[in-house]
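Biologist: I am new to this entry and would like to learn how to read a binding site. Could you take me through it step by step?

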Amino acid sequence: MSYPTRSTRSLLSIDDLSNSQVIHLIERAQQFKKNEIQAIRPAKPLIVGMVFFEASTRTRFSFEVAAHRLLLHPVVFVVDKATSVDKGESLHETLNTLLAMRPDLLVVRHAGNIRLEEIMRKSSIPVVNAGSGVEEHPTQSLLDAMTVQERLGQIEGQRILYVGDVEHSRVAKSGAKLFQKLGAQVAVCSPKDLAVRDSNVQQFNTLSEALKWCTVCIGLRIQKERHSQATNLSQGQYIENFRLDNKNLAALSSSAIIMHPGPFVPDVDLSDEVLSDSRCAIHEQVTNGVYMRMAIMGDLLGLSYT
Ligand code: CP
């Protein structure tokens, strides 16, 4: 089965968007958040297929909430014992099968599968990448940019720091591209064997030095499920040097903000006390995720608003 024409309306990578499209999406998401616009019910029911080949809580749930708020019909597929994947069907044939049912839009998350990426790229049905492998998570980057814009008033000129397992983080890779495109500086602070290779971003050796520099600190989870080999660093050493907690965050300016894409491992990448820090925007990121995904799906489907 083949889908010969690539839909130009898909969002597969943050590279698919121009600066003006990003600014438009942030403004649109803010209109939804302020309740300034409402989706008009489409003449025919529009089906959004949510295909999750990899675990997710916030991305999946927020796409579903966003779809309902837009008066769309989400249909969710997750790989489990009740699907034909359990009988041996390949993931790419599963995706082709779901596309053959002609939903109006497909949202897909996968662990980094070249054949799935090729199908998504060639699909004539608009596709949104809900996180793929270690490289792309465009909707997370957009909601992160929206959160920085809201909290700090502008993105241009900010100093964005990613802390932790940058090498395996699609959030950091997509986010770095987006923030640089929008005129922010990006740096990382990670253990040596979790640092991103061939990086064009500044690298800090110590967290205190990095935290003094940044205006936005974005923590990351150690993504063990994507590690091909064990790291040399013990959990104790990681906690001491990279955990975001009251002790380490003492070096962060009072006007800076703390973010994390989630999920976070309590007491390893983040301590609970950070959630009640006035600089913490983690739950705002989650809230903004719904509005940003409304903006993205609304645009791809050409919805009208009152
Ligand atoms: N940030 C993020 O993608 O979270 P989930 O894996 O819970 O969707």
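Biologist: Which pocket holds the space taken by the ligand?

Modeller: This is a predicted model, and in it the space taken by the ligand is the largest pocket.

Biologist: Which residues surround the ligand there?

Modeller: A residue counts as near a molecule if one of its heavy atoms lies within 4 Å of it. Here the ligand is surrounded by Ser56, Thr57, Arg58 and Thr59, by Arg109, His137 and Gln140, and by Pro261, Gly262 and Pro263. Sorted by class, this shell has six polar, two charged and two nonpolar residues.

Biologist: Which side chains have an N or O atom at a short listed distance from an oxygen or nitrogen atom of the ligand?

Modeller: A polar contact is a pair of N or O atoms within 3.5 Å. A polar side-chain atom of Arg58 lies 2.9 Å from an oxygen atom of the ligand, and an N or O atom in the side chain of His137 is 2.9 Å from an oxygen atom of the ligand. For Gln140, a side-chain N or O atom is 3.0 Å from a nitrogen atom of the ligand. On its own the ligand has 260 Å² of accessible area, of which the protein covers 92%.

Biologist: How is the chain divided into domains, and from which of them does the shell around the ligand draw its residues?

Modeller: The domain assignment gives domain 1 (14–137 + 287–301) and domain 2 (138–285), and the shell draws at least three residues from each of them. The C-alpha centres of domain 1 and domain 2 lie 25 Å apart, while the contact between them takes 31 residues from domain 1 and 30 residues from domain 2.

Key: Residues numbered from 1 in each chain as written. Predicted model: local features only at pLDDT ≥ 70, side-chain atom pairs only at ≥ 80, totals over all residues. Heavy atoms only, no water. Polar contact = N/O pair within 3.5 Å; in protein donor to acceptor, adjacent residues only side chain to side chain. Areas by Shrake-Rupley, 256 points an atom, 1.4 Å probe, with all protein chains shown as cover. 1 Å grid on protein atoms, 1.4 Å probe; cavity = no way out; pocket = protein on both sides within 12 Å on 5 of 7 lines; lining within 4 Å. Sits in = over half its atoms within 2 Å of the grid points. Nonpolar A, V, L, I, M, F, W, Y, C, P; charged D, E, K, R; others polar. Domains from an automatic or database assignment. Contact = heavy atoms within 4.5 Å.
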